[in-house]
Every structure is written in structure tokens, then in C-alpha cells.
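Please look over the sequence and the model shown below before reading on. The report after them is meant to be read with both in view.

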Amino acid sequence: QLDYRPALTTEPALGGVRTTSTFVVDQPRCVFQDYGNAVIWLVVALEQAASTFNNSQGPGTPETAFQGFPEPVRAYMTLNATLGSYPCPKPDGEIAVLRVGSETSCTGDVTRPTCNGPLPTPGPYRVKFLALEGSEPVAETRWSTPITLITAKPLSSISTAGRGHSADMIAITTILSILLAILLAGLVAMLFFWGSDSCGGSSTFSKPESVTVRRYNTHHVYDQPAARL
């Protein structure tokens with residue numbers, strides 16, 4: 001047994017360390033360096049079942065399949081990785097974590113018994129890492145401390161202390177909406193009448209009065225004979 005205990009990550013840049021169906025633990029960096037040929041598995045167990053878990057129960061068997069968890073299966077094995085997936089030392093700036101419960105597509109798929117599916121209850125759970133060479137256990141870590149998920153609050157427990165404030169906001173919003181509707185109606189009416197007047201003025205034409213030109217016959221002017229003295 002290795003002197004290492006898995007724990008929830010303390011990475012400051014990572015949110016949602018615990019949710020209603022997942023939790024995040026640190027990767028086991030620099031823990032299994034002496035077991036280069038091993039496959040490293042994560043064992044997830046109900047708290048009360050951790051002490052009775054049998055390491056000889058291999059991954060992918062009915063006794064350790066996720067689809068039977070938490071009843072009748074009390075502990076399942078998932079997130080297998082070789083030592084190359086956990087380089088030591090950890091490169092600077094790399095976030096080295098594992099999110100337990102992040103897969104949803106394989107929850108009911110019995111052909112994937114090592115599914116990393118959503119955790120069905122708030123727990124508490126315990127986890128440990130187990131190294132297998134073939135089907136032979138060669139090393140394991142200690143069990144983690146109990147991990148309890150976040151529980152969603154029932155609707156009946158939500159406080160209604162702010163209901164009066166909400167009612168005031170609704171009343172103010174309603175009044176503003178009515179005033180805005182009145183303003184828009186007035187604007188539309190003004191545009192309608194303005195458009196009507198403009199159309200009427202543009203379509204009214206005064207018929208020009210007909211101009212009668214009277215025809216005159218010019219009179220020839222003849223020289224009168226000079227008066228005889």
C-alpha cells in the first residue's frame with residue numbers, strides 16, 4: 001500500500017469541484033513510478049463499502065460494473081490509464097485532475113462497464129487508485145476521506161422574503177409598459193393624420209380658368225382728303 005491519499009483538487013482556476021453528480025480529484029502524479037507496466041484504475045465506492053472492497057475483483061466484471069452501482073454493486077472501477085498519462089513531475093501550468101462522473105453517454109450501456117458515469121446519489125463516497133499488471137494487483141493508495149456531493153434544494157425550501165420587493169418591481173414595470181404603449185399610440189395617430197393632410201394637399205389642384213381671347217378685326221386707316229378751303 002502506497003502512502004498516498006486521493007483528495008479533492010485545490011486548483012484555484014477550476015470551478016465546480018463538487019456538483020450534484022460529479023467531483024474532481026487530483027491525478028496521482030509521482031505515485032506509481034515503480035510500476036511502469038501497470039494500468040492504474042480509480043475505484044469509487046460508497047463510504048460503508050470501502051473497507052470490504054476486494055482488489056481481486058477485476059475491472060469490467062459484473063461485480064465492478066458502473067451500471068450496477070450503487071445496488072447491488074457497491075464499488076466500481078473506472079478511468080483506467082497507463083503511467084504515461086501521469087507524467088512526473090507535472091509540467092508547469094498544467095491542470096492535472098480527474099472529474100469523476102463526467103460521462104453521460106454510457107450510463108445505461110452494459111457493454112461499457114467501466115463507464116465514468118454521473119454519480120447517482122449525494123454519497124458520501126471514497127476513492128482510491130489501484131495498479132494492476134494484467135489482472136494482478138501490484139499497488140494501491142489509501143482511501144480518500146469521505147466526499148459528499150452538493151444536494152439540490154427542494155422548491156419548498158426557497159425563501160420568499162423578497163416577494164414584496166418583486167411585486168413592487170412588477171407594478172413599476174407594468175406602469176412603464178402602459179405609458180410606453182400610450183406614447184406609441186399617440187405617435188402612430190399623429191403620423192397617420194399628418195400623412196392624411198399631406199396626401200390631401202398634394203392631390204388638390206385648382207383648375208385654371210379658361211382665358212378667352214377676343215378677336216378683333218383691324219380697321220384700315222385711310223388718309224382723308226385735305227379739306228378744301
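The text below goes from the whole chain to two single residues and then to the parts of low confidence.

This is a predicted model, in which local features need pLDDT of at least 70 and side-chain atom pairs count only at pLDDT 80 or more, while totals for chains, interfaces and linings use all residues. Residues are numbered from 1 along each chain as its sequence is written, and side-chain values use heavy atoms, with hydrogens and water left out.

**The whole chain**

The protein chain has one helix and six strands, where helices (H or I, at least four residues) and strands (E, at least two) are DSSP runs numbered from the N terminus. Read from the N terminus, the order of the elements is β-β-β-β-β-β-α. Of the 229 residues, 27% are buried; buried means under 20% relative accessible area, exposed over 50%, and partly exposed in between (1.4 Å probe, protein chains only). The accessible surface comes to about 15600 Å², and carbon and sulfur atoms hold 58% of that surface. Such areas come from the Shrake-Rupley method with a 1.4 Å probe, and for residues only the protein chains shown count as cover. A contact means heavy atoms within 4.5 Å. Among contacts between residues at least 6 apart in sequence, 70% join residues at least 24 apart.

**Two residues**

| Residue | Element | Relative accessible area |
|---|---|---|
| Thr78 | strand β3 (residues 75–82) | 0%, buried |
| Ile178 | helix α1 (residues 163–203) | 48%, partly exposed |

Which residues does Thr78 touch, not counting residues up to four places away in sequence? They are Trp41, Leu42, Val44, Thr114, Cys115 and Asn116.

Ile178 belongs to a nonpolar surface patch, together with Met169, Ile172, Ile175, Leu176, Leu179 and Ile182. The accessible area of this patch is about 700 Å² in total. Patches are made of residues with over 30% relative accessible area and no salt bridge, with like charges joined within 9 Å and nonpolar side chains (Val, Leu, Ile, Met, Phe, Trp, Tyr) within 5 Å. A salt bridge is a side-chain nitrogen of Lys or Arg within 4 Å of a carboxyl oxygen of Asp or Glu.

An unreviewed UniProt entry annotates residues 169–194 as "transmembrane region"; such annotations may be inferred rather than shown by experiment. In the model this span is 100% helix and 0% strand, and its end C-alpha atoms lie 37 Å apart.

**Confidence**

The mean pLDDT of the chain is 84, and 79% of its residues reach 70 or more. Over residues 202–207 the pLDDT is below 50, and this stretch has zero contacts beyond near neighbours in sequence. pLDDT is the predictor's confidence in each residue, from 0 to 100. Where pLDDT is low, the predicted coordinates should not be read in detail.
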